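Hi everyone, thanks for coming. I'd like to walk you through a structure that's new to most of you, so have a look at it first.

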Amino acid sequence: MWQAIFTTDPGWSGLVLRLALGIMIFPHGAQKLLGLFGGYGYKGTMGYFTKTLGVPYGFAVLAILAEFFGGLGLILGLFGRVAALGVGANMVVAALMAHRQNGFFMNWTGQQKGEGYEFHLLAAAMAVAILILGSGAFSVDLALARWLGLGA
């Protein structure tokens, strides 16, 4: 089990992907969990998810935690595959539940009712690539794999 989690391709691809995805998703998680960056915090986000969107309480908690701790995990390269799975699942669910009805494109010009799902598709694809490659160079996963004798 540890080998599947920590073993990673030691190249730069995993590093670039996980940093980009982690740096992008972490502020969103911090908005939802802590109220940073203009967010509503845990209570406000939970109210929106459960009352407005109809997301079951447990899944709403998982979504918030996946963005916050998944973002941190990706940035550090710690449990990168687990973090990518959580973030990727979160992106797919968000695309299907909240953005699909707005079409494919982002709302760059403000002409649509809301945002499309192109961003979520890209983030989910990055998550899948991290699931395949692992955390890559300069990751805690790589250091742990080597320390545990699991190889690169």
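I'll start with one helix, then go through a charged pair, the nonpolar cores and a pocket. Keep in mind that this is a predicted model.

So, helix H2. It runs over residues 12-34, which makes 23 residues. From first C-alpha to last, H2 reaches 32 Å, close to the 33 Å expected at 1.5 Å a residue. Just after H2 comes Gly35, with a positive phi of about 80°.

Which residues of H2 are buried? The list is Gly14, Leu15, Leu17, Arg18, Leu21, Gly22, Ile25, Gly29, Ala30 and Lys32. As for what covers them, that includes helix H3 (41-52), helix H4 (57-76), helix H5 (80-99) and helix H6 (118-133).

Let's stay with Lys32 for a moment. Opposite charges on side chains can pair when the charged atoms come close. How many salt bridges turn up in a search of the whole structure? Just 1. Lys32 and Glu67 meet in a salt bridge through their side chains, at 3.0 Å from N to O. Lys32 sits in helix H2 and Glu67 in helix H4, so this pair ties together parts that are 35 residues apart in sequence. And are these two buried or exposed? Both Lys32 and Glu67 are buried.

Now the nonpolar side of things. The largest nonpolar core has 13 residues, and the ones touching the most other members are Leu21, Leu74, Ala84, Val87, Met91 and Ile130. H2, H5 and H6 are the elements that give two or more residues to this core. The largest share, 5 residues, comes from H6. Apart from this core there's another one, of 7 residues, with Val55, Ala60, Ala63 and Ile64 among them.

Take Met91 and look around it. Leaving aside residues up to four places away in sequence, Met91 touches Ile25, Glu67, Phe119, His120, Ala123 and Ala124. Notice Glu67 in there: that's the partner of Lys32 in the salt bridge.

Last stop, the largest pocket. Its volume is about 960 Å³. The lining has 36 residues, and nearest the centre lie Lys32, Phe49, Glu67, Ala94 and His99. So who contributes to that lining? The elements giving two or more residues are H2, H3, H4, H5 and H6. H5 gives the largest share, with 9 residues.

If you remember one thing, make it the pair we met earlier: Lys32 and Glu67 are both buried, and they're among the residues nearest the centre of the largest pocket.

Conventions
Residues are numbered from 1 along each chain as its sequence is written. This is a predicted model: local features need pLDDT of at least 70, side-chain atom pairs count only at pLDDT 80 or more; totals for chains, interfaces and linings use all residues. Side-chain values use heavy atoms; hydrogens and water are left out. Helices (H or I, at least four residues) and strands (E, at least two) are DSSP runs, numbered from the N terminus. The expected span of a helix is 1.5 Å times one less than its number of residues. Buried means under 20% relative accessible area, exposed over 50%, partly exposed in between (1.4 Å probe, protein chains only). Contact means heavy atoms within 4.5 Å. A salt bridge is a side-chain nitrogen of Lys or Arg within 4 Å of a carboxyl oxygen of Asp or Glu. A nonpolar core is a set of buried Ala, Val, Leu, Ile, Met, Phe, Trp, Tyr and Cys residues joined through side-chain atoms within 4.5 Å. On a 1 Å grid over the protein atoms alone, a cavity is a set of points where a 1.4 Å probe fits but cannot get out, and a pocket is an open set with protein on both sides within 12 Å along at least five of seven lines; lining residues have an atom within 4 Å of a point. Grid points are joined across faces, edges and corners, and a volume is the space filled by probe spheres set on the points.
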